Amino acid sequence: MELSSLSSRFAVRRLCEADLDAAFALMRKNTVFYQYHPPLVTKESILSDMQALPPRKTLADKYYVGFWDAQTLVAVMDMILSYPEEDIAWIGFFMMDVRYQGQGIGSKLIQELCARLRASGYRTVRLGVDRGNPQSFAFWKKNHFHVIGEKGYLLMELA
């Protein structure tokens, strides 16, 4: 997937170890998320997440990306293509810098992403939301995701 097509406003690229400080600075400020999804983020946990894969997937399927406004990291997303089925994309993680929240920017990013995925042949997008997290649940619901099941989290899918 061509990363530049994921946003009309921001530069998008895979994050690497050199981006660790920027990713950590963004994530540690999102205290509401970690109230429902402990433990608190560490640089080690970010490095681990950059490599984490579900069964039968490779790093070629994984897009641990940053959305950049010049030198500022605005959002981080972890996405796995063709998971859990060939025509489904899985968002494992999406987080906006708190300074950019509440302005519709995150919704615009997700709308562009989902449109690009559908144009690339993906039937839908799925993700998990921590039970009880009102901020995350409201964001995904506003962006046309609905609950399709429950595991240790709420399983949501793009309507």
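Let's start where two helices meet: α4 and α5 pass each other in a right-handed crossing. Keep in mind as you look around that this is a predicted model. The axes of the two helices come within 10 Å and cross at roughly 50 degrees. An angle like that is neither roughly parallel nor roughly perpendicular, so α4 and α5 count as oblique to each other. On the α4 side, the residues to click on are Gly106, Ser107 and Ile110, and they meet Phe139, Trp140 and Lys142 of α5. Sort the residues of this contact by class and you get three nonpolar, two polar and one charged.

Two of those names, Ile110 and Trp140, lead straight into the interior. In soluble globular proteins, nonpolar side chains tend to be buried together. Here the largest nonpolar core has 33 residues, and Ile110 and Trp140 are among those with the most contacts inside it, along with Phe67, Ile91, Phe94 and Phe145. Helices and strands both feed this core: two or more residues come from each of β2 (62-69), β3 (72-80), β4 (88-96), α4 (105-119), β5 (124-129), α5 (134-142) and β7 (154-158). Helix α4 gives the largest share, six residues.

If you want one residue to see the core from, try isoleucine 91. Setting aside its neighbours within four places in sequence, isoleucine 91 touches Ile110, Leu113 and Trp140, as well as Met77, Asp78 and Met79, and then Val125, Arg126, Leu127 and Gly128. There's also a second, separate core, this one of 16 residues, including Trp68, Leu73, Val76 and Phe93.

Now swing over to another helix pair, α1 (residues 20-28) and α3 (residues 43-51). Their axes also come within 10 Å, and they cross at roughly 110 degrees. That angle falls between 65 and 115 degrees, so α1 is roughly perpendicular to α3. The crossing of α1 and α3 is right-handed. Leu20, Asp21, Ala23, Phe24 and Met27 make the contact from α1, while Lys43, Ile46 and Leu47 make it from α3. By class, this contact has six nonpolar and two charged residues, with no polar ones.

Follow the chain on past α3 and you can pick out alanine 60, in the loop between α3 and β2. Is alanine 60 buried or exposed? Its relative accessible area is 57%, and the cut-off for exposed is over 50%, so alanine 60 is exposed. For a sense of scale, compare its position with glycine 128, one of the residues in contact with isoleucine 91. Alanine 60 and glycine 128 are 68 residues apart in sequence, and their C-alpha atoms are 22 Å apart in space.

Notes. Residues numbered from 1 in each chain as written. Predicted model: local features only at pLDDT ≥ 70, side-chain atom pairs only at ≥ 80, totals over all residues. Heavy atoms only, no water. Core = buried A, V, L, I, M, F, W, Y, C linked by side-chain atoms within 4.5 Å. Buried < 20%, exposed > 50% of the residue type's maximum accessible area, 1.4 Å probe, protein only. Helix = DSSP H or I, 4+ residues; strand = E, 2+ residues; numbered from the N terminus. Contact = heavy atoms within 4.5 Å. Axes fitted to C-alpha atoms, helices over the stretch in contact; angles between N-to-C directions. Parallel < 35°, antiparallel > 145°, perpendicular 65-115°, else oblique. Left-handed = near helix turned anticlockwise from the far one by under 90°. Nonpolar A, V, L, I, M, F, W, Y, C, P; charged D, E, K, R; others polar.
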